[in-house]
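Student: I would like a close look at a single part of this model, followed by an account of what surrounds that part. Please take me through it slowly, one element at a time.

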Amino acid sequence: MERYICIHGHFYQPPRENPWLEAIEIQDSAYPYHDWNERINAECYARNTASRILGPDGRIIDIVNTYSKISFNFGPTLLHWMERHKPEVYQAILEADKISIERFSGHGSAIAQVYNHIIMPLANKQDKYTHVLWGIKDFQKRFGRFPEGMWLPETAVDIGTLEVLAELGIQFTILAPRQAKSVRKLRGTDVFCDVSGEKVDPTMPYLCSLPSGRTITIFFYDGPISKDIAFGDLLKSGVALANRLISAFTDYRDWPQIVHIATDGETYGHHHRFGDMALAYCLYHIENKNLAKITNYGEYLEKYHPTHEVEIFENSSWSCIHGIERWRDNCGCNSGMCISGMNPEWTQAWRKPLREAMDMVRDTLIPIYEEEAPKYLRGPREARNDYIDVILDRSEENIEGFFERHAIKNLSREEKNRALKLLEAQRNAMLMYTSCGWFFDEISGIETTQVMQYASKVILNLEELKGISLEPEYLKLLEKAPSNVFENGAQAYEIFVKPGRIDLLRVGAHYAVSSLFEEYPEKIGIYCYTVNNEKYTRIEAGKLKLAIGKSHVSSNITWDETLVSFAVLHLGDHNVNGGVRNFISDEAFRNMHDEIKETFDRGDVPEIIRLMDKHFGTNNYSLWHLFKDEQRKVLNQILYSTLDNIEGSFRQIYENTYPIKNFLQSLGIPVPKPFYVAAEYTVNYDLKRILENDEVNVEKLENLINEVKKWPLEIDKAAIGFVASSWINSIMSKLSQQPEDIELINKIEDVIKLLRQLPIELDIWKAQNIYFTIGKNLYSIMRERAEKGNNFVRKWVDVFRKLGYYLQVKVS
């Protein structure tokens, strides 16, 4: 009988965007990357678009887009981030699906995912429907086709969820083996056989009959193999992985067996370094040795329809042995910290009160939406379901098109604003149930405070729309949620959520303060806001800077808008004092402008501050109120001169003590530690500066590396490795534009040879991809020309092969 293998990867990251900015702010824990999405993309998502197949000598012999050979789903919110920030990777994933359609008999390997990562059995019926529909529409927009299958977050399932999938045209989903309750043949028997305890045979699909009369196919993945891939050492060897998959076939089965596994996609590269390569080689080995046919679920299902029916355990999942209790109670499941002994006394008793607080917010919103939305929208539920079209395209033209389809009349700007707020409240009320908020061990963790921020947005929307404040009741419920770090969940909310709220005045303050340090055009986008400058005056006197102006600030999401006036004073260093308020009148603005400007011209700083208090009252702002990325950028500007002075001092010590260091070294006497500190700071500084320049001075680089080895010196491995890798990848991009430049090839080789002497890790993944592509497109042509006696080309072939040696890529 035929043997098939299918590997499924569930690629997902929890939303990390600041809900008020719709963007991820800098995360220092992801250093040297900007944030964790960026880091995991580099370690996993990008890697699998161009994974390496290594030959016996450990050099790259092929580079493949693994997504085209596996089954996969990406969380819609992750793809939304990737489309904006990593478009090359995003496009490679879409292209992989197109390739898989050709490879797998017209069936694409990508399947959809429920829009947000919520636990579907805990959602109400309307939310179930909207999440599935949004997931389908998001998939169609990106992949250009209807999805055959859909991934359920945490594979959490109940019959109501399967009904929605089937109603909306989804053919299959994937569950864990312990979620199968009983099975029977579709023909010949009415008796179901118990398969609880993971006794279900995972090598065939099963039909699940639903109360509505609809059906849906379920694939139960191979549990033991999936577990060993995710948590064991199977990804240490592609051959070992292939052999383990092949071992799951048995001769006693008389049907075309499908051995399939499912894990988090991040397993391949992020959780297990080089896991992407093990996966790629596994597939290569299976195909090369003709051990089985690689397939995806859609292709297999078209060839082989289910012969058995299954009953499932409702309210079950793949990551909680208690079903779905992990997301609504203190069931004992945790992220492993307690088990490992780090915090054995920690409790997750906060999970139930947190869900009760979220349910209170949602249940308050439902009747308000049903009461208010009909004032602006015909068919409020249909409008909510179609709101995904706005989420996918926030352009004003697209939003106007949405209102043309759904508005009950020609709405005013203010009415559109209220309608958008109602719809955004609905969106955030769904986002606040993101499963990660309950998954981990502590209520003050970043995943849980993230979902609290979504709830806070809903609370704020309701306050603006109806004048009611749910926050006191919300906090009262959170007081019942015990924290392992703080007094309770309410305290965590007050510390981490409430201070982060952003309104249009805060956006205006960000613009005003940052304008002291950066020239802005008349109109500028600041995250999901737009600022139009109507009047702006900036003057300087020595180290003092003053900016006075009025600007129109608007939200691109809800179309909120206001006119603000401001005055900000930079006293030097980090000392900034500013006032921002809603615009009152032209006369009030003119008086404020003239009084503060005239006082600045006199150099009377105390009086300027007094006037700011007079005109702006308590609406005071400083560097603290800048959004994180701009705040870091401004502080770096402020610190530049200080760091420059420090660098000069260290350099002077380094140069002045060089002769005595040599003398001490010649006598075998230890060099004093302060000398080393100055040397390490200076050499690290110079290494970074050289490698940040496209035109690397090879001689100076060699001298610095010799210094590192001579003393020896500790270097900043992460920073130097990052800038060195960036230089190699950048210069290889240049080579791709002029691949016959022998001088450039020699320079790249020289630099890589030198860098290999440093104790750093080079991420030359992109450089290898470029080299491989050049080799594939050009090498054979050049070699033929070389064989005909062209000396220049012969030299090119020689230096190109040598570069391949240092990049660990084999050309043929």
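Student: How many bridges join β10 to β14, and do the two strands run parallel or antiparallel?

Tutor: Bearing in mind that this is a predicted model, the answer is that β10 and β14 are joined by two bridges and run parallel. Within this pairing, leucine 207 faces glutamate 309 of β14, and tyrosine 206 stands opposite histidine 308, which also belongs to β14. Strand β10 itself covers residues 206-209, and with β11 it pairs in the antiparallel sense, over four bridges. There cysteine 208 is found opposite isoleucine 216 in β11. The connection from β10 to β11 is a hairpin with five residues between the two strands, and in its turn glycine 213 has a positive phi of about 100 degrees.

Both partners of β10 belong to an open sheet of six strands, whose order is β7-β11-β10-β14-β8-β9 and whose pairing is mixed. The edges of this sheet are taken by β7 (172-175) and β9 (193-194), each of which has a single partner strand, so one side of each is left without a neighbour in the sheet. A helix also packs on this sheet: α5, residues 159-167, touches β7, β10, β11 and β14, and its direction makes about 115 degrees with that of β11. As background to the parallel and antiparallel pairings described here, strands of a sheet pair through backbone hydrogen bonds, in either sense.

The loops that involve β11 and β14 lead to a pair of aromatic rings. The model has 41 aromatic pairs by the ring-centre rule, and in one of them the rings of tyrosine 221 and tryptophan 318 have centres 6.0 Å apart and planes at 80 degrees, so this pair counts as edge-to-face. Tyrosine 221 lies in the loop between β11 (215-220) and α6 (223-231), while tryptophan 318 lies in the loop between β14 (308-312) and α10, so the pair ties together parts that are 97 residues apart in sequence.

Tryptophan 318 also takes us to the second largest pocket, which has a volume of about 1400 Å³. This pocket is lined by 46 residues, and the closest to its centre are Phe231, Asp264, Trp318, Ser319 and Phe439. The elements that each supply at least two residues of this lining are α1 (36-45), α6, β12 (257-264), α15 (436-439) and α16 (446-466), and it is α6 that gives the most, with six residues. By class, the lining of the pocket divides into 20 nonpolar, 17 polar and nine charged residues.

Helix α10, named above as one end of the loop that holds tryptophan 318, has a part in an enclosed space as well. A search of the whole structure finds four cavities of 30 Å³ or more, and the largest of these has a volume of about 70 Å³. Its lining consists of Ile118, Ile119, Leu122, Ala123, Asp127, His131, Arg355, Arg362, Met430 and Tyr433, and the elements giving two or more residues to that lining are α4 (125-143) and α10 (351-372). Six of the lining residues of the largest cavity are nonpolar, one is polar and three are charged.

Helix α4 reappears at the second largest cavity, which holds about 40 Å³ of space. The lining of this second cavity is made up of Phe74, Pro76, Leu79, Ile111, Ala112, Gln113, Gly135, Asp138, Phe139 and Phe143. At least two lining residues come from each of α2 (76-85), β5 (112-113) and α4, with α4 giving the most, namely four residues. In this lining, seven residues are nonpolar, two are polar and one is charged.

For a contrast with the mixed sheet around β10, consider another open sheet of six strands, in the order β15-β16-β17-β18-β19-β20, where the pairing is antiparallel. Its edge strands are β15 (523-526) and β20 (620-621), each of which pairs on one side only. Strand β17 (residues 544-555) and strand β18 (residues 561-572) run antiparallel and are joined by ten bridges, and serine 551 stands opposite valine 564 in β18. Helix α21, residues 605-616, packs on this sheet and touches β17, β18, β19 (575-582) and β20, its direction making about 160 degrees with that of β18.

Terms used
Residues numbered from 1 in each chain as written. Predicted model: local features only at pLDDT ≥ 70, side-chain atom pairs only at ≥ 80, totals over all residues. Heavy atoms only, no water. 1 Å grid on protein atoms, 1.4 Å probe; cavity = no way out; pocket = protein on both sides within 12 Å on 5 of 7 lines; lining within 4 Å. Points joined across faces, edges and corners; volume = space filled by probe spheres on them. Nonpolar A, V, L, I, M, F, W, Y, C, P; charged D, E, K, R; others polar. Pairing = 2+ DSSP bridges. Contact = heavy atoms within 4.5 Å. Axes fitted to C-alpha atoms, helices over the stretch in contact; angles between N-to-C directions. Phe/Tyr/Trp six-rings, centres within 6.5 Å; stacked < 30°, edge-to-face > 60°.
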